[in-house]
Amino acid sequence: MDEVHLADILEALRLGKGRPSRVKEDPESNTGILRLGAVDYDSKRVNWDERMRVSDLHPSAHHFLRSGDILIVGRGVHRTALLADDPPPQTVADRTFFVARPDQEQVEPAFLAWYLNERRAQHYLQSHSRGTNIQTIKKSALERLPVQVPPLDTQERIADIQALVRREQKLVSEWMNRRSELARAVMAQKLKTSE
């Protein structure tokens, strides 16, 4: 298994797009900016409906997110990596994120997102973050992150297993919520019948 630097297996790594002060929120706009508030850290997913729709923002085509891009939180407490799975058209990430575009001939995007969230990579990211109030990581430190790259078929198997684990977590969470609702309904019924 090869160990390379992150920059060696990417087509591009860039900081998200800044939002000029003149840009106004516009719910009817087709252009959206993904902000930190749209991140679900527990499930490591993006809620695309939470992106801010704006007018008067005309980014270059390379700023628009593509399926397979990986969003890395570069500012704040977390260094979570999120797979951009079918982002809405004309969506850009704000400057809170780095956008990594994997070279898919070398690395499976879902595998890379999983790897970046694992203990070894997270330790590297946290130890290379700087700042007193708001922690940030520099692009150069991110580019040097060591990544173990197994063959593509192994990467795909790991990504498949991770997808199954996430699905299981979602189903268990839904089951627990429904069980709690049922318990509340039973208790409310008991309270009514005791009156």
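Let's start with the open sheet, in which four strands line up in the order E2-E11-E8-E9 with antiparallel pairing. Strand E2 (10–15) and strand E9 (81–83) stand at the edges with a single partner strand each, so one side of each has no neighbour in the sheet. From one strand to the next, the twist averages 20°. Please keep in mind as you look around that this is a predicted model.

Now walk across the sheet, strand by strand. E2 pairs with strand E11 (residues 97–102) in the antiparallel sense, over five bridges. If you would like a landmark here, find arginine 14, which stands opposite valine 99 in E11. Moving on, E11 and E8 are also antiparallel, and four bridges pair them. E8 in turn is joined to E9 by three bridges, and these two strands run antiparallel.

Isoleucine 70 is a good place to pause. Its bridge partner in E11 is alanine 100, while in E9 its bridge partner is leucine 83. What covers the faces of E8, the strand to which this residue belongs? Both faces are covered: Ile70 and Ile72 on one side are buried, and so are Leu71 and Val73 on the other. This fits a general pattern: in a regular strand, side chains alternate between the two faces of the sheet.

Next, look at the helix packed against these strands. Helix H1 (residues 109–117) lies across E2, strand E8 (70–73), E9 and E11, and runs at about 160° to E9. Why is H1 described as largely enclosed by the rest of the structure? Seven of its nine residues are buried, and therefore it is largely enclosed. Among these buried residues are Phe111, Leu112, Tyr115 and Leu116. The buried set also includes Pro109, Ala113 and Asn117.

Let's turn to charges. Side chains of opposite charge can pair when their charged atoms come close. In this model, the count comes to three salt bridges.

One of them joins the side chains of arginine 120 and glutamate 3, at 2.7 Å from N to O. Arginine 120 lies in helix H2 (residues 119–127) and glutamate 3 in strand E1 (residues 2–5), so this pair ties together parts that are 117 residues apart in sequence. Arginine 120 counts as partly exposed because its relative accessibility is 42%, and glutamate 3 counts as partly exposed at 45%.

Another salt bridge takes us back to the sheet: the side chains of aspartate 69 and arginine 101 meet at 2.7 Å, N to O. Aspartate 69 lies in the loop between strand E7 (52–55) and E8, and arginine 101 in strand E11, so the pair ties together parts that are 32 residues apart in sequence. Are these two residues buried or exposed? Both aspartate 69 and arginine 101 are buried.

The remaining pair is arginine 157 and aspartate 153, whose closest N and O atoms are 3.6 Å apart. These residues are separated by about one helical turn, because they are four residues apart in helix H4. An α-helix has 3.6 residues a turn, so residues three or four places apart point the same way. Arginine 157 is partly exposed, with a relative accessible area of 48%, and aspartate 153 is partly exposed at 40% relative accessibility.

We can finish on helix H4 (residues 152–193), where tryptophan 175 lies. With 51% relative accessibility, tryptophan 175 counts as exposed. Together with Val172 and Met176, Trp175 makes a nonpolar surface patch of about 310 Å².

How values were computed:
Residues numbered from 1 in each chain as written. Predicted model: local features only at pLDDT ≥ 70, side-chain atom pairs only at ≥ 80, totals over all residues. Heavy atoms only, no water. Patch = residues over 30% accessible without salt bridge, like charges linked within 9 Å, V, L, I, M, F, W, Y side chains within 5 Å. Areas by Shrake-Rupley, 256 points an atom, 1.4 Å probe, with all protein chains shown as cover. Salt bridge = Lys/Arg side-chain N within 4 Å of Asp/Glu carboxyl O. Buried < 20%, exposed > 50% of the residue type's maximum accessible area, 1.4 Å probe, protein only. Pairing = 2+ DSSP bridges. Axes fitted to C-alpha atoms, helices over the stretch in contact; angles between N-to-C directions. Contact = heavy atoms within 4.5 Å.
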